[in-house]
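Please follow this explanation with the sequence and the model side by side, moving from strand pairing to the empty spaces and then to a single residue.

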Amino acid sequence: MTGAARTLAGMTTHDLRPDLATIANPVRGRLNAAFFRLVDGYVHRRLGDRKQALFADLPQRVVELGPGTGANLRYFRPGTHLVAIEPNPHMHPPLARAAAAAGITLDVRAVGAEATGLPSASVDAVVCTLVLCTVPDPAAALAEVRRILRPGGRLLLVEHVAAGRGTFLARLQRLLGRPWRWAFEGCHLHRHTADAVHAAGFSEVRLEHYRLRSVFLPVNQQVSGTAIVAA
Ligand SMILES: C[S@@+](CC[C@H](N)C(=O)[O-])C[C@H]1O[C@@H](n2cnc3c(N)ncnc32)[C@H](O)[C@@H]1O
């Protein structure tokens with residue numbers, strides 16, 4: 001971990017590493033934080049049941065990669081201690097407010113998922129929703145998740161992925177890929193995230209592939225589920 005820790009509104013935060021500062025563009029970083037606050041209720045209506053089931057039995061301490069403005073906090077038990085790996089500092093104030101509202105204690109680390117700085121085999125559960133589309137190196141992020149998880153520990157994920165070859169959705173993803181990546185700070189519309197999870201060396205991977213019904217057509221092809229480290 002580089003950078004000194006400081007306390008902000010009851011949460012611990014760590015300074016942003018210089019190489020990650022580019023992720024949080026001063027304009028787009030703010031706009032993305034505003035956008036995810038704006039669509040929070042809508043995403044909850046579309047994905048809430050699925051997330052509720054997936055996050056039903058989380059342990060007391062959870063690591064979340066890219067929690068953004070805190071879309072998932074409503075599904076965590078009050079009293080949960082959340083280690084938030086969130087490089088965009090503009091997400092931190094709304095995240096802190098969401099945590100306070102949900103009765104969750106927060107340790108925010110302004111680092112990337114590829115190098116969390118957490119000790120090896122120290123975590124029981126890692127949550128990751130709509131983040132592996134954006135991290136610069138998903139394989140490195142998944143390797144880091146495996147490193148920090150204890151034997152038997154779980155990665156719980158919900159991600160949008162590449163649509164099937166030749167489909168209308170795949171063509172749309174190709175068409176919108178570049179502007180989307182620019183607007184959403186590196187978000188790739190056609191990543192094969194399920195393949196990356198299967199290739200990451202977990203002992204058991206259970207993923208469901210489904211088509212979401214949302215107005216955000218390019219991200220409607222999704223996977224969700226669990227990847228477990230050998231006990
Ligand atoms: C599409 S948003 C999803 C936010 C939230 N997880 C949700 O489901 O609404 C992607 C998030 O990943 C974060 N992010 C970007 N690069 C990252 C990285 N290398 N490591 C961890 N998080 C990252 C962004 O700052 C943003 O908060």
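Two strands are said to pair when DSSP finds at least two bridges between them, and helices and strands are themselves DSSP runs, numbered from the N terminus. With that in mind, this predicted model can be read strand by strand, beginning with β6 and β7, which pair in the parallel sense over six bridges. Within this pairing, Thr 129 has Val 158 in β7 as its bridge partner. Strand β7 covers residues 149-160, and together with β6 and helix α4, which spans residues 138-148, it makes a β-α-β unit that is right-handed.

Strand β6 also pairs with β3, again in the parallel sense, and three bridges connect these two; here Leu 65 stands opposite Cys 128 in β6. Is strand β6, residues 123-129, mostly covered or mostly uncovered? The strand is mostly covered, since six of its seven residues are buried, where buried means under 20% relative accessible area.

A second β-α-β unit, likewise described as right-handed, is made by β4, helix α3 (residues 92-102) and β5. Strand β4, residues 81-85, runs parallel to β5 and is joined to it by five bridges, and one of the residues involved is Ala 84, whose bridge partner in β5 is Val 108. Because four of the five residues of β5 (residues 105-109) are buried, this strand is largely enclosed by the rest of the structure.

These strands belong to a protein with six helices and nine strands. The protein has 231 residues, of which 50% count as buried. Among its contacts with a separation of 6 or more, 69% are between residues 24 or more positions apart.

The next topic is empty space. Rolling a probe the size of a water molecule over the atoms shows where such space is left. In this model there is one cavity of 30 Å³ or more, and the largest cavity holds about 870 Å³ of space. It is lined by 47 residues, and those closest to its centre are Phe 36, Thr 129, Leu 130, Val 131 and Thr 134. The elements that give two or more residues to this lining are α1 (26-38), α2 (40-54) and β3 (61-65), and the largest share, six residues, comes from α2. Sorted by class, the lining of the largest cavity has 27 nonpolar, 13 polar and seven charged residues.

Which residues line the largest pocket? They are Ala 162, Ala 163, Gly 164, Arg 165, Ala 170, Arg 171, Gln 173, Arg 174, His 190 and His 192. About 190 Å³ of space lies in this pocket, and its lining has three nonpolar, four polar and three charged residues.

Finally, consider Gln 222, which is found in strand β9, residues 221-228. Because its relative accessibility is 2%, Gln 222 counts as buried. Once its neighbours within four places in sequence are left aside, Gln 222 is in contact with Leu 47, Leu 130, Val 158, Glu 159, His 160, Val 161, Glu 208, His 209, Tyr 210 and Leu 212. One of these contacts, Leu 212, is ten residues from Gln 222 in sequence, and the two are 6.9 Å apart in space, C-alpha to C-alpha. Two others have already appeared above: Val 158 as the bridge partner of Thr 129, and Leu 130 among the residues closest to the centre of the largest cavity.

Technical notes: Residues numbered from 1 in each chain as written. Predicted model: local features only at pLDDT ≥ 70, side-chain atom pairs only at ≥ 80, totals over all residues. Heavy atoms only, no water. 1 Å grid on protein atoms, 1.4 Å probe; cavity = no way out; pocket = protein on both sides within 12 Å on 5 of 7 lines; lining within 4 Å. Points joined across faces, edges and corners; volume = space filled by probe spheres on them. Nonpolar A, V, L, I, M, F, W, Y, C, P; charged D, E, K, R; others polar. Buried < 20%, exposed > 50% of the residue type's maximum accessible area, 1.4 Å probe, protein only. Right-handed = clockwise from strand over helix to strand, strands pointing away. Contact = heavy atoms within 4.5 Å.
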